[in-house]
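Here is a set of short exchanges on how labels are earned in a structure. Each answer sets a value against its cut-off and then concludes.

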Amino acid sequence: MMQIGPHALEVLERGPADAPLLLLIHGINPISPSAPFLNDLARTHRVVGPSHPGFGASPLPADFDTMYDLTRLYLGVLDSLPNRKISVIGFSFGGWIAAELAVAGHPKLDRLILVDPVGIKLGGREERDIAHFFNTHPDTLNRLAWRDPTRRPAGSYGVGWQATINDSMSDAEMVALARNWDSLCLFAWTPHMFNPQLKRWLHRIKAPTLVLWGEHDGIVVPEYGRGYAGLIPNAKFAIIADAGHHPELEQPAAFVAQVARFLQS
Amino acid sequence: MELWNHCECPYPFVPAEVLDAADSVRASLPNRYCDPKIVAQLYDEVFEEYQLCDDIGLHIVTNEHHSGINNLWAASPVITGVVARITRKVRILTLGTLITVRPDPVRVATEYATLDVLSRGRLDIGFVKSGATEMTSGDANPMRIREREWEAIDLIEKALTSPDGPFSWEGKFFTHAHVNVWPRPYQSPRPEFWAATSDLPTCAELGRRGYINTLLFGGYDRTRLAFDTYRQARTAAGLPTPGEDRFSYMAFCYVGDTDEEAFRIGQKIPWFLTVSIKSAPQMSKFQPGAVAPDMAPAAWRGASKRPTNLSVESLIAQGQMFCGNPDTVVKQIKTFRERVGGVGRIIMMTRQGLVTHAEAMKSFSLAAKEVLPQLQDLPPVEARALSSVAE
């Protein structure tokens with residue numbers, strides 16, 4: 001566990017203690033210990049992945065329910081880690097947190113990688129930029145979120161996970177998914193998955209930034225990603241082929257290669 | 001004992017093949033399937049039923065749901081305002097504006113105060129937590145709605161009972177710097193408050209506050225448990241024993257000349273449960289907050305709980321329907337009252353499903369003329385030890 005002021009966070013850790021630190025900010029569910037990209041990242045980095053309050057085994061404090069809270073919490077995480085430089089990867093909903101974190105700014109923040117992030121509004125008022133996580137049929141979400149839903153690694157759950165509920169799952173797994181889902185809703189029901197103010201402040205991001213996007217992401221399409229990257233000074237944008245909203249799960253080798261190249265550049 | 005008429009003004013006119021193909025008949029069914037000319041006719045019919053109720057002494061309940069075939073009272077204050085003006089005698093319960101969906105409880109308080117004046121003090125105010133498709137229709141966060149409901153109730157109560165305003169409210173869910181409702185309510189200090197719930201901690205809080213607790217289709221055991229919880233919470237708080245008027249129960253109801261006639265027509269009512277509550281999984285079992293995480297495995301592993309076939313007989317047996325000739329219905333209600341430890345207000349859901357205007361008018365007439373008189377001056381319910389109830 002990691003303690004940030006009064007907040008205790010469950011933490012997934014992997015890799016050599018003296019390696020450069022890579023902070024993973026998870027999306028709608030905490031990163032599974034069996035996630036297929038973890039060990040490869042951990043060859044060169046100390047990987048640290050907290051669970052947000054209300055997710056995994058992290059307690060949810062009373063009234064902790066805004067992106068403001070999450071952003072301040074992750075500033076606290078950066079404060080508390082001993083390393084002088086920390087690179088951050090944010091996935092989906094966690095990409096939104098990472099973008100907020102980078103806009104707020106922190107002297108330790110070294111490099112920023114956003115993977116199919118949500119968090120901003122780009123289209124017109126009658127265009128939905130982000131498929132509605134809570135109001136869309138699970139079968140539709142599952143189809144939009146994956147290039148091929150059968151490629152989902154065991155133990156990892158992406159957007160549309162409800163469509164994959166089956167009797168072979170343990171009660172504990174279902175309870176955890178339900179708790180994560182409830183907590184996500186606290187932070188992201190309305191405006192749905194974005195902060196209306198964030199777009200105008202992305203120019204403040206000083207960290208070198210890579211925006212990665214699954215070629216077939218139907219939750220937030222690559223065009224949104226190009227727009228997102230275009231608002232961050234000097235950000236690089238790269239497509240991961242043959243993947244949907246979770247390229248780190250669907251194409252872990254390509255994902256790790258992109259990350260490694262960017263962090264070494 | 002009071003009898004109340006609750007009609008949700010359903011719309012059973014969408015073709016079955018459309019309903020079968022839709023994953024939800026609430027929230028997401030396009031309104032091209034709703035013919036406003038039919039709705040206008042339905043409004044006329046139900047308002048005529050309300051006028052009959054006013055003449056014969058059945059009180060009236062209005063409510064609201066949105067964007068679906070189950071309920072055309074979506075703009076509840078508008079409908080209740082009409083009811084306030086087309087009736088003169090009976091009480092009107094709004095059960096109610098969905099306060100967990102509305103962004104401004106002060107506006108709701110203003111509407112209620114206005115309705116109380118319009119009806120010259122005949123308004124009762126009911127609160128429901130709501131949830132499911134209503135959160136989708138109202139774009140309201142489905143999480144923490146119980147806390148939101150209580151804060152809204154507290155703000156509405158203060159707005160209705162603060163003659164020396166303005167006052168300021170800076171709560172968790174609502175802020176309002178300048179609350180000063182005009183007109184103030186006709187009744188002093190405020191209209192009666194009700195809440196519809198079978199959630200036991202909420203029942204206990206209703207008991208401590210003295211609000212009327214109504215249950216919808218709770219059946220014998222759940223209702224008994226809820227009412228016992230209410231009573232026990234009052235005892236624990238050192239408050240007086242509640243009268244039967246603090247307890248209400250809503251059930252399907254049809255009164256006919258004969259049991260045979262009542263059963264035949266009553267069989268049209270369960271449409272409410274078999275057809276009109278069909279909703280998509282993302283708006284029901286997978287909606288955030290729908291079940292406590294610990295209960296998710298049970299909720300998710302089971303098949304859909306929506307019944308497809310409900311008989312009048314089975315509903316009567318479960319205490320969810322009162323149906324038959326007047327004497328039969330009297331007997332059913334008396335039995336129910338005994339088994340739940342006393343109840344003073346029975347809400348009849350009669351104009352529901354495929355029941356016609358004429359059929360509803362007949363049942364109301366019989367209920368007022370033949371049932372209601374037999375439910376007056378009942379002897380006290382035999383005292384029984386309260387069942388052990390966890391707070």
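pLDDT is the predictor's confidence in each residue, on a scale from 0 to 100. The model is predicted.

Q: Where in chain B does pLDDT stay under 50, and how many contacts beyond four places in sequence does the model have there?
A: The stretch is residues 385–391 of chain B. The model has 12 contacts beyond four places in sequence for these residues. A contact here means C-beta atoms within 7 Å.

Q: What is the mean pLDDT of chain B?
A: The mean is 95. Of the residues of chain B, 97% reach 70 or more.

Q: What ipTM and pTM does the predictor give the complex?
A: The ipTM is 0.95 and the pTM is 0.95.

Q: Why is chain A called as compact as a globular protein of its length?
A: Start with its make-up: 8 helices and 9 strands. The globule rule gives 18 Å for 265 residues, and the radius of gyration of chain A is 17 Å, close to that value, so the description holds. Along the principal axes, the C-alpha trace of chain A spans about 45 × 40 × 40 Å.

Q: What makes chain B as compact as a globular protein of its length?
A: Chain B has 14 helices and 11 strands. Its radius of gyration is 20 Å, and the globule rule gives 21 Å for 391 residues; the two are close, so chain B earns the description. Its C-alpha atoms fill a box of roughly 60 × 50 × 50 Å along the principal axes.

Q: What share of the residues of chain A counts as buried?
A: The cut-off is 20 or more other C-beta atoms within 10 Å. By that test, 50% of the 265 residues of chain A are buried. In chain B, buried residues make up 48% of 391.

Q: Which share of the contacts in chain A joins residues at least 24 apart?
A: Among contacts between residues at least 6 apart in sequence, 74% do so in chain A. For chain B, residues 24 or more positions apart account for 76% of the contacts with a separation of 6 or more.

Q: Why are helix 13 and helix 14 of chain B called roughly perpendicular to each other?
A: Helix 13 (residues 326–339) and helix 14 (residues 357–371) of chain B pack at an angle of about 70°. Angles of 65 to 115 degrees count as roughly perpendicular. The angle is in that range, so helix 13 and helix 14 of chain B are roughly perpendicular. Their axes are 10 Å apart.

Q: Which residues meet where helix 13 of chain B packs on helix 14 of chain B?
A: Pro326(B), Val329(B) and Val330(B) come from helix 13 of chain B. Opposite them are Leu366(B), Glu370(B) and Val371(B) in helix 14 of chain B. By class, this contact has 5 nonpolar, no polar and 1 charged residues.

Q: How many residues of chain B are in contact with chain A?
A: 20 residues of chain B contact 20 residues of chain A. Helix 11 (residues 296–301) of chain B gives the largest share of the chain B side, with 4 residues. That side divides into 10 nonpolar, 5 polar and 5 charged residues.

Q: How do you know whether Thr110(B) is buried or exposed?
A: Count its C-beta neighbours inside 10 Å: there are 20. Buried needs 20 or more, so Thr110(B) counts as buried. Thr110(B) is found in helix 4 (residues 105–118) of chain B. Its C-alpha atom is separated by 8.2 Å from that of Ala159(B), 49 residues apart along the chain.

Q: What makes the phi of Ser92(A) and of Asp242(A) worth a note?
A: Most residues other than glycine have a negative phi. Ser92(A) is not a glycine, yet its phi is positive, about 55°. Asp242(A) also has a positive phi, near 60°, and is a residue other than glycine.

Q: Where are Ser92(A) and Asp242(A) placed?
A: Ser92(A) is in the loop between strand 6 (86–91) and helix 3 (93–104) of chain A. Asp242(A) is in the loop between strand 9 (236–240) and helix 7 (247–250) of chain A.

Q: Why does Asp242(A) count as partly exposed, and how is Ser92(A) classed?
A: Asp242(A) has 15 C-beta neighbours inside 10 Å. Exposed means 12 or fewer and buried means 20 or more, so Asp242(A) counts as partly exposed. Ser92(A) has 30 other C-beta atoms within 10 Å, so it is buried.

Q: Which peptide bond has omega of about 0°?
A: The cis bond that joins Gly165(B) and Pro166(B). Pro166(B) is in the loop between helix 6 (145–160) and strand 5 (167–170) of chain B. The bond from Leu95(B) to Gly96(B) is cis too, with omega near -25°.

Methods:
Residues are numbered from 1 along each chain as its sequence is written. Chains are lettered from A and ligands numbered from 1 in the order in which they are written. This is a predicted model: local features need pLDDT of at least 70, side-chain atom pairs count only at pLDDT 80 or more; totals for chains, interfaces and linings use all residues. Two residues are in contact if their C-beta atoms, placed from the backbone, lie within 7 Å. Axes are lines fitted to C-alpha atoms, for helices over the stretch in contact, and angles run from 0 to 180 degrees between N-to-C directions. Helices (H or I, at least four residues) and strands (E, at least two) are DSSP runs, numbered from the N terminus. Angles under 35 degrees count as roughly parallel, over 145 as roughly antiparallel, 65 to 115 as roughly perpendicular and the rest as oblique. Ala, Val, Leu, Ile, Met, Phe, Trp, Tyr, Cys and Pro count as nonpolar, Asp, Glu, Lys and Arg as charged, and the others, Gly among them, as polar. The radius of gyration is taken over C-alpha atoms; the globule rule is 2.2 Å times the number of residues to the power 0.38.
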